[in-house]
Structures are given as C-alpha cells and as structure tokens.
Amino acid sequence: VNRALAIGKEDVMNFKEISIKKSLFFRLFVSGTIEYGNFIGEEPIKIRYECVSGEAWEKEDGSINGYTQYSCKGEGLYNYYSFGQYFEISYRSINPFGWPQLVLNCFTIDSDGNEIVKGYGCVHVPTSIGRHMRKVHIFKSTDNSNFWDKFFGNHISIGNEKNNEVTNPKVISSGQEREISRASCEGFVNVIFQVVFRDVEK
C-alpha cells in the first residue's frame, strides 16, 4: 500500500511539473507568401525555403520547408519573377532566444541544363503581430574556394565548381565568420508575413 501511495504521489508530482511547464509556453503562429523577386540575369529561378529556430523552439504544426515552382522573368510592367508560394507554421517556446528565421536558397539552370545555386538569403520572422512585408537580399560569395572551407566547412555539397550548395540552413542564418568573405548581391525576394502570438504575457 505504501509503495502504491508513493507511486501515486510521484505521478501527481510529474503531472504538476508537466502542467507547470506547459503553462510557461508561449506560441507563435506564422503564415505568409513568398511573393516575387528580381535577380541579375534572365534564367528561370526556383526557391527552397526553410524555417530555422533555436533549440528552445518546438514546431507544433505546419511545414518548416518547401519549394516554389520555377519562375521566369516577365516583360514590361511585369519585369520580375513571380512565385506566390504560401507557407504556414506554428511554434511554441519558453524562451525568445533563437527566434525563427526564414532561409532562402535560390537555384537556377545553367546552359548545360544543370541546377546550380544562384544565392542565399535569410530574414527573421517579425517580432510584432500583424501583416509585414520584408525584402530579403540574396547574396553569393565572390571569393575562391577558401571561403567555402572557412565559412561553410562540411555543410556544403559540391556538385561542380559552379555549384557549392549549402546543405545546412542554420549556417546561413547564423552568419558566423561571414565577414571573412566578399559577397555580391544577386537580387532580392519579397516576403509577406502574417504573425500572431498567444500567451506571450506569461
């Protein structure tokens, strides 16, 4: 009987501990659209997007990554790339450190029909509720392979000399040691965010 009571007390304590932890969470709901962009050149472009966050953040619903379709630059008043890619994700956390970011990997096709990297960009999810527009600048290194060794290390997948793809999006979002390299701006992408918080007052 005493053993059963002891086990029962442990269960109650565990339940209370879990309840307290759950009550500390705040929630972030993010939806939006990768709307359009403009890039140097006329090649078709597609984007792989991924939401990255710190260790304290837990995804509750939605998809953290995906692809747009290939888009070609329009003419005249429509001289840009249209993507119209919707995304939606919800998180919970007890700590704002490691606030989520959206990382963009942009790809194009070379003259041989091979898919190559056009550039990278990242932006933090806005920290206030409501609708927000963000212009994400797309960069690409102009240095030689020494840059890839120091900055990206083992996080690249080398297909050929034109295509050193970064396979870990957190490398892009962290920006560590980026100052050791020169980079060129390859264009920009406009992203619309719709942000909602819950239980932030806790």
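**Exercise 1. The largest cavity**

Which strands each supply at least two residues of the lining of the largest cavity?

*Solution.* The model is predicted, so local features need pLDDT of at least 70 and side-chain atom pairs pLDDT 80 or more, while totals for chains, interfaces and linings use all residues. Residues are numbered from 1 along each chain as its sequence is written, and side-chain values use heavy atoms, without hydrogens and water.

Step 1. List the lining: Arg48, Tyr49, Glu50, Val103, Asn105 and Pro169 surround the largest cavity. A cavity is a set of points on a 1 Å grid over the protein atoms alone where a 1.4 Å probe fits but cannot get out, and lining residues have an atom within 4 Å of a point.

Step 2. Assign the strands (DSSP E runs of at least two residues, numbered from the N terminus, with helices as H or I runs of at least four). Strands β2 and β6 (101–109) each supply at least two lining residues. The largest share, three residues, belongs to β2.

Step 3. Sort the lining by type: three residues are nonpolar, one is polar and two are charged. Nonpolar covers Ala, Val, Leu, Ile, Met, Phe, Trp, Tyr, Cys and Pro, charged covers Asp, Glu, Lys and Arg, and polar the others, Gly among them.

Step 4. Add the size: the volume is about 40 Å³, where volume is the space filled by probe spheres set on grid points joined across faces, edges and corners. The whole structure has two cavities of 30 Å³ or more.

**Exercise 2. Aromatic pairs of Phe87**

Where do Tyr49 and Phe193, the ring partners of Phe87, lie in the chain?

*Solution.* Step 1. Count the pairs: the structure holds 10 aromatic pairs (ring centres within 6.5 Å, using the six-membered ring for Trp; planes under 30 degrees apart are stacked, over 60 edge-to-face, the rest tilted).

Step 2. Take Tyr49 and Phe87: their ring centres are 6.1 Å apart and their planes stand at 45°, so this pair is tilted. Tyr49 belongs to strand β2 (residues 45–52) and Phe87 to strand β5 (residues 81–93), 38 residues apart, and the pair links distant parts of the chain.

Step 3. Check burial (buried is under 20% relative accessible area, exposed over 50%, partly exposed in between, with a 1.4 Å probe and protein chains only). Tyr49 is buried at 6%, and Phe87 is buried at 3%.

Step 4. Take Phe87 and Phe193: with centres 5.9 Å apart and planes at 75°, the pair is edge-to-face. Phe193 sits in strand β11 (residues 183–198), 106 residues from Phe87, and this pair too links distant parts of the chain. Phe193 is buried, with a relative accessible area of 1%.

Step 5. Look for a cluster: ring pairs join Phe26, Trp57, Tyr91, Trp99 and Phe197 into one.

**Exercise 3. The surroundings of Cys185**

Is Cys185 buried or partly exposed, and which residues does Cys185 touch?

*Solution.* Step 1. Place the residue: Cys185 is in strand β11.

Step 2. Read its accessibility: the relative accessible area of Cys185 is 44%, so the residue is partly exposed.

Step 3. List its contacts (heavy atoms within 4.5 Å). Leaving out residues up to four places away in sequence, Cys185 touches Ile40, His137 and Ile138.

Step 4. Add a distance: the C-alpha atoms of Cys185 and Ser141 are separated by 8.9 Å, with the two residues 44 apart along the chain.

Definitions and conventions
1 Å grid on protein atoms, 1.4 Å probe; cavity = no way out; pocket = protein on both sides within 12 Å on 5 of 7 lines; lining within 4 Å.
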